[in-house]
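Here is a friendly walk through one protein model, meant to be read with the structure open beside you. Take a moment to turn it around before reading on.

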Amino acid sequence: MARIPGSSFYEKLSRRLVRRRPPETEDTGSEAEALVEPDGAADAASSATAAGEHGSRSPIYLAALLGGFALIGAALLATGFAGTEDAIEQRHKEDLQASLSMVMPEDLHDNDPVVDAWKFSATGDNSRMIYPAIRDGEVTAIAYRVTGQGYGGAILILMGVSANGELIGVRVLQHAETPGLGDKIEAEKSAWIENFSGLSFGNTSQDDWRVKKDGGRFDQFSGATITPRAVVKAVREGLEFFASYRDALTTLPKKTSEANP
Ligand SMILES: Cc1cc2nc3c(=O)[nH]c(=O)nc-3n(C[C@H](O)[C@H](O)[C@H](O)COP(=O)(O)O)c2cc1C
């Protein structure tokens, strides 16, 4: 098929483009020339620019636009956060319930220890949440958290104690100990934490509440004594807390979220 010279799209487009010299530029030759759009487009652009100078590109307009976007972004974030907050809280509750069932078996209670949790307030750092196991209207056991200072930082521990002061179970909830060294305090990594079950001040002497290296009954880990030493100390102090406030701790909680013994 014969080709008509100058009929291609690009040739048509290039014909429409005109070389125009900027008005303020002196006629200094070809260097000052610039390719611009055809008249119609150029007029539209220049009128838009003129409008922009007095409207859409003014600093106030831009600031308002930016503020609007920021507000929309913040609103979207807030909506997303509110949506996930409930889910996170529910997840925490389930995690806590799972941990509590490890240190206070179900046959010890017919209540929900999380729902009946109450805050024990005492002087010093002895204020803590108490999770009571209640069966037939009697407190059969309680669970609470204690904290030890390990090699990597705080070790958060949950301990369940029967109403007569015997350790039912102990679980590490959170720690920053070194994997392969200090993390054997986790029930998933070793059975070491099970050694506390059944112990009390009645059946274990004060000297025994130490790691073997310090003359006690608890194994230290190979190359890692600091971590088990910290856990034994924290659990012993947890039992001292129970012994100090036993009556208050094993009395049925008041029907408020906080109760002072
Ligand atoms: C990188 C590194 C990480 C360590 N992590 C732990 C740890 O998690 N828990 C621990 O008890 N010891 C850890 N240790 C060893 C302790 O420094 C210490 O030597 C060991 O606990 C023995 O303590 P002892 O001298 O009181 O018996 C770590 C050592 C190094 C070099």
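The report below goes from the overall fold to a long helix, the core, the ligand shell and a few single residues.

**Overall fold**

Please keep in mind that this is a predicted model. The protein has 4 helices and 8 strands, and along the sequence they follow the pattern α-β-β-α-α-β-β-β-β-β-α-β. Of its 261 residues, 23% count as buried. Among contacts between residues at least 6 apart in sequence, 46% join residues at least 24 apart.

**Helix 3**

A good place to begin is helix 3, which runs over residues 59-103. Helix 3 has 45 residues and reaches 63 Å from its first C-alpha to its last, close to the 66 Å expected at 1.5 Å a residue. The UniProt record, an unreviewed entry, annotates residues 60-83 as a "transmembrane region". In the model that span is 100% helix and 0% strand, and its end C-alpha atoms lie 34 Å apart.

How many of the 45 residues of helix 3 are buried? The number is 3, so helix 3 lies largely in the open. The buried residues are S99, L100 and V103, and they pack against strand 4, strand 5, strand 6 and strand 7. An α-helix has 3.6 residues a turn, so residues three or four places apart point the same way.

L100 gives a closer view of this packing. L100 is buried because 23 other C-beta atoms lie within 10 Å, where 20 or more are needed. Leaving aside its neighbours within four places in sequence, L100 is in contact with P113, Y131 and A143. L100 and Y131 are 31 residues apart along the chain, and their C-alpha atoms are separated by 8.3 Å.

K93 also lies in helix 3. K93 has 13 C-beta neighbours inside 10 Å and therefore counts as partly exposed. K93 and V114 are 21 residues apart in sequence, with 7.7 Å between their C-alpha atoms.

**The nonpolar core**

The largest nonpolar core has 38 residues, and those with the most contacts inside it are I142, A143, I157, M159 and V235. The elements that give two or more residues to this core are helix 3, strand 3 (118-120), strand 4 (128-135), strand 5 (138-149), strand 6 (154-162), strand 7 (167-174) and helix 4 (226-249). Helix 4 supplies the largest share, 9 residues.

I142 shows how parts of the chain meet here. Not counting residues up to four places away in sequence, I142 touches I130, Y131, P132, A133, V161, L249 and T250.

V232 belongs to helix 4. V232 is buried, since 22 other C-beta atoms lie within 10 Å. With residues up to four places away in sequence left out, V232 touches W209, R210, V211, G216 and F218. V232 and D208 are 24 residues apart in sequence and 9.9 Å apart in space, C-alpha to C-alpha.

**The ligand shell and T225**

Which residues surround the ligand? They are Y151, G152, E177, T178, L181, G182, K213, G223, A224, T225, I226 and T227. By class, this shell has 4 nonpolar, 6 polar and 2 charged residues.

T225 deserves a look of its own. The unreviewed UniProt entry annotates T225 as "modified residue: FMN phosphoryl threonine". T225 sits in the loop between strand 7 and helix 4. Is T225 buried or partly exposed? With 17 C-beta neighbours inside 10 Å, T225 counts as partly exposed. Neighbours within four places in sequence aside, T225 is in contact with V211, K213 and Q220.

**An unusual backbone angle**

Most residues other than glycine have a negative phi. D136 has a positive phi of about 50° although it is not a glycine. D136 lies in the loop between strand 4 and strand 5, and D136 is exposed, with 7 other C-beta atoms within 10 Å.

**Burial side by side**

The table collects the residues discussed above.

| Residue | C-beta atoms within 10 Å | Class |
|---|---|---|
| L100 | 23 C-beta atoms | buried |
| V232 | 22 C-beta atoms | buried |
| T225 | 17 C-beta atoms | partly exposed |
| K93 | 13 C-beta atoms | partly exposed |
| D136 | 7 C-beta atoms | exposed |

Methods:
Residues are numbered from 1 along each chain as its sequence is written. This is a predicted model: local features need pLDDT of at least 70, side-chain atom pairs count only at pLDDT 80 or more; totals for chains, interfaces and linings use all residues. A residue is buried if 20 or more other C-beta atoms lie within 10 Å of its own, exposed if 12 or fewer, and partly exposed in between; C-beta atoms are placed from the backbone. A residue is near a molecule or strand if its C-beta atom, placed from the backbone, lies within 6 Å of it. Ala, Val, Leu, Ile, Met, Phe, Trp, Tyr, Cys and Pro count as nonpolar, Asp, Glu, Lys and Arg as charged, and the others, Gly among them, as polar. A nonpolar core is a set of buried Ala, Val, Leu, Ile, Met, Phe, Trp, Tyr and Cys residues joined through C-beta atoms within 7 Å. Two residues are in contact if their C-beta atoms, placed from the backbone, lie within 7 Å. UniProt positions are given in the numbering used here, feature names are shortened, and annotations may be inferred rather than shown by experiment. The expected span of a helix is 1.5 Å times one less than its number of residues.
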